[in-house]
Amino acid sequence: MRDKVEACITPTTDSQIKLEELNRKIIFLNPDRRIYKKVQVDACTITSGLRCDKLLLSQDECEERYVELKGTDVLHAIDQLEETIERLGEFDNNRHSYVICTNVAPIYTTQIQRKQKLFKKRYNSELVVKEKQLVVSLR
């Protein structure tokens, strides 16, 4: 990760790494209890401009998982992920991006699909948009 701020990083070996905010949650299953780094991006690592909420890094920092916990503005959340990847992203061979929102308006469906293709092409990252909660295995 570029532009590290050590005070914003919390190492963890939890079997369930939870990142949550206002009834939106992503749980990363870590059954092998490998060391990961939870990074508080918003208002810590990045204090101005667009930025996502959180980042989960593997111990060697070669695995990047960007997380935005959002209300309903999914497209804005995707913009925040893009900006954060542009500013902090270092390794593009194991990158993942997640938007966890309260609900996804049907009008966004086509736009989200376009953004998913763009993320794969430009950032070599999957882009997952889910309502309320997502569980991801870190194996």
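Reader: Is C44 buried, partly exposed or exposed?
Author: This is a predicted model. Buried means under 20% relative accessible area, and exposed means over 50%. C44 has a relative accessible area of 26%, so C44 is partly exposed.

Reader: Which cysteine forms a disulfide with C44?
Author: A disulfide needs two cysteine sulfur atoms within 2.5 Å. The partner of C44 has its sulfur 1.9 Å away. That partner is C8.

Reader: What is the handedness of the disulfide of C8 and C44, left or right?
Author: The torsion about the S-S bond of C8 and C44 decides the label. That torsion is about -90 degrees, so the disulfide is left-handed.

Reader: Why is C62 too far from C52 for a bond?
Author: The cut-off for a disulfide is 2.5 Å between sulfur atoms. C52 holds the closest cysteine sulfur to that of C62. The two sulfurs are too far apart for a bond because their distance is 18 Å.

Reader: Is the ring pair of F28 and Y98 stacked, tilted or edge-to-face?
Author: The ring centres of F28 and Y98 are 5.7 Å apart. Planes over 60 degrees apart count as edge-to-face. The planes of F28 and Y98 stand at 70 degrees, so the pair is edge-to-face.

Reader: How do the axes of α1 and α2 run, roughly parallel or roughly antiparallel?
Author: The axes of α1 (residues 74–88) and α2 (residues 109–123) come within 11 Å and cross at roughly 5 degrees. Angles under 35 degrees count as roughly parallel. Therefore α1 and α2 are roughly parallel.

Note on methods:
Residues are numbered from 1 along each chain as its sequence is written. This is a predicted model: local features need pLDDT of at least 70, side-chain atom pairs count only at pLDDT 80 or more; totals for chains, interfaces and linings use all residues. Side-chain values use heavy atoms; hydrogens and water are left out. Axes are lines fitted to C-alpha atoms, for helices over the stretch in contact, and angles run from 0 to 180 degrees between N-to-C directions. Helices (H or I, at least four residues) and strands (E, at least two) are DSSP runs, numbered from the N terminus. Angles under 35 degrees count as roughly parallel, over 145 as roughly antiparallel, 65 to 115 as roughly perpendicular and the rest as oblique. Rings of Phe, Tyr and Trp (its six-membered ring) pair if their centres lie within 6.5 Å; planes under 30 degrees apart count as stacked, over 60 as edge-to-face and the rest as tilted. Buried means under 20% relative accessible area, exposed over 50%, partly exposed in between (1.4 Å probe, protein chains only).
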